[in-house]
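Subject: Structure for you to look at

Hello,

Here is the structure I said I would pass on. Please open it first and read my notes afterwards.

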Amino acid sequence: MINNDKIFVTRPLLPDFDEFTKLAKEVYDSKWLTNMGQKHNLLEKELEKELKVPYCVLMNNGTLALLIALKNLHLPQGSEVITTPFTFAATTHSIVLNNLKPVFCDIEPNTMTIDADKIEALITPNTSLILGVHVYGFPCDVEKIDKIAKKHNLKVVYDAAHAFSTEINSRGIGTFGDVSTFSFHSTKLYNTIEGGCITCNNEELYNKSVSLRDFGIVDENTVNDIGINAKMNEFQAAWGLLNLKLYREEQNKRKKIKEFYDQNLGSIKGIRILKMPENATNSYQYYPIVIEDDYHLSRDELCKKFNEYNIFPRKYFYPVCSDFECYKNVRGRDNLPVTNAVKHRVMCLPYYSGLTHENLSLIVKIMDK
Ligand SMILES: *Cc1c(COP(=O)(O)O)cnc(C)c1O
């Protein structure tokens with residue numbers, strides 16, 4: 001019964017190795033390794049089409065995409081950013097690293113995204129931005145957030161690291177808010193090994209992002225801002241071009257896994273499956289479940305049981321950012337009832353095309369006593 005191969009929450013999407021070496025040889029022969037090379041620029045254009053966004057700026061990881069997205073908005077130093085604690089550390093860190101103050105807003109229990117109905121109560125004259133996360137690929141309530149932002153004259157940024165290719169009413173998710181950021185880390189549905197991008201709707205933000213990812217350089221004679229190095233190299237761009245042709249197939253395979261899980265787990269007492277809103281498409285990034293109190297094991301007990309079978313689901317997101325020692329004085333931290341209930345009950349199940357029917361049956365069997 002015990003499987004000797006470890007099963008993790010995901011496995012990276014890999015291009016065909018021979019195809020990759022062919023492109024890598026082209027890069028090698030071109031003697032142009034980085035700094036907005038041919039493959040880089042081609043990938044950027046392809047991503048604009050794929051994500052249905054007017055502007056895409058490729059980056060070497062999703063954290064620098066977030067840092068640059070926030071820096072670009074030139075928000076008042078020390079002003080407050082209303083955000084979700086139910087996310088990866090990079091989201092909150094990017095706020096503080098920009099000399100801004102995070103304020104934690106509770107999450108909505110069905111999608112686990114920032115609860116738009118609780119944002120307004122946290123707004124003060126010092127608030128400058130709302131930073132939402134489309135967690136697990138579930139879109140934030142972008143319409144409500146947009147209304148609140150307009151009413152209070154706030155900017156909006158979305159961390160779309162989990163929402164590659166997600167569309168809301170056929171519109172690319174990267175077109176909502178002022179700026180969105182994506183991660184192409186190896187654990188993400190679509191990867192460039194390490195990588196990411198910024199998407200936006202206006203040319204000014206696009207030009208600023210292009211300059212900030214390259215030290216603030218505008219041209220040979222001008223550096224006009226304090227930029228950083230966030231450039232993607234040609235080998236990773238080549239990898240990304242190949243994976244761009246593969247990710248839809250990966251999504252289709254994950255869709256089948258989702259159907260299997262939905263069918264077999266939906267009827268287990270105490271297991272709650274999260275549902276995508278009707279008007280949005282699924283990125284198939286994660287398969288989150290909630291272990292409710294009437295299940296016969298706690299989330300942590302179930303995790304341990306999985307580990308005995310060499311299966312390693314993840315407790316995304318536990319701990320939440322509001323639990324980190326460095327954020328213990330953040331405003332809003334004491335009023336997060338949903339976040340604090342959910343963080344002990346969530347689990348993301350293994351979710352990648354390489355899972356066999358045998359693997360999946362075992363996962364269901366472990367959960368069904
Ligand atoms: C992965 C991730 C990031 C960071 O992306 P990197 O490419 O690893 O720097 C940011 N936010 C969320 C929600 C993520 O899951």
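M36 is found in the loop between helix 1 (17-30) and helix 2 (38-51). Please note before going on that this is a predicted model. M36 is not a glycine, yet its phi is positive, at about 50 degrees. In general, most residues other than glycine have a negative phi, and most peptide bonds are trans.

That brings me to the peptide bonds. The bond from Y316 to F317 is cis, and its omega is near 0 degrees. The bond from Y318 to P319 is also cis, with omega near -5 degrees. Where in the chain should you look for them? F317 is placed in the loop between strand 15 (311-312) and helix 10 (337-342), and P319 lies in the loop between strand 15 and helix 10 as well.

Next, the chain as a whole. The protein chain holds 11 helices and 16 strands. Its C-alpha trace spans about 70 × 55 × 40 Å along the principal axes. What radius of gyration would a compact globule with 369 residues have? The value would be near 21 Å, and the protein chain has 21 Å, so the two agree.

The rest of my notes concern the ligand. The ligand sits in the largest pocket. There are 14 residues around the ligand, and those that come nearest are G62, T63, D159, S183 and K188. By type, the shell around the ligand divides into three nonpolar, nine polar and two charged residues. Helix 3 (62-72) supplies at least two residues of this shell, and so does helix 4 (89-96).

Three of the nearest residues are worth opening one by one:

- G62: a backbone N or O atom of this residue lies 2.8 Å from an oxygen atom of the ligand.
- D159: an N or O atom in the side chain of this residue is 2.7 Å from a nitrogen atom of the ligand.
- S183: a polar side-chain atom of this residue lies 2.7 Å from an oxygen atom of the ligand.

How much of the ligand does the protein bury? Taken alone, the ligand exposes 390 Å², and the protein buries 92% of that.

When you go through the model, I would begin with the ligand and then turn to the loops.

Regards

Note on methods: Residues numbered from 1 in each chain as written. Predicted model: local features only at pLDDT ≥ 70, side-chain atom pairs only at ≥ 80, totals over all residues. Heavy atoms only, no water. Near = heavy atom within 4 Å. Polar contact = N/O pair within 3.5 Å; in protein donor to acceptor, adjacent residues only side chain to side chain. Areas by Shrake-Rupley, 256 points an atom, 1.4 Å probe, with all protein chains shown as cover. 1 Å grid on protein atoms, 1.4 Å probe; cavity = no way out; pocket = protein on both sides within 12 Å on 5 of 7 lines; lining within 4 Å. Sits in = over half its atoms within 2 Å of the grid points. Helix = DSSP H or I, 4+ residues; strand = E, 2+ residues; numbered from the N terminus. Nonpolar A, V, L, I, M, F, W, Y, C, P; charged D, E, K, R; others polar. Rg over C-alpha atoms; globule rule 2.2 N^0.38 Å.
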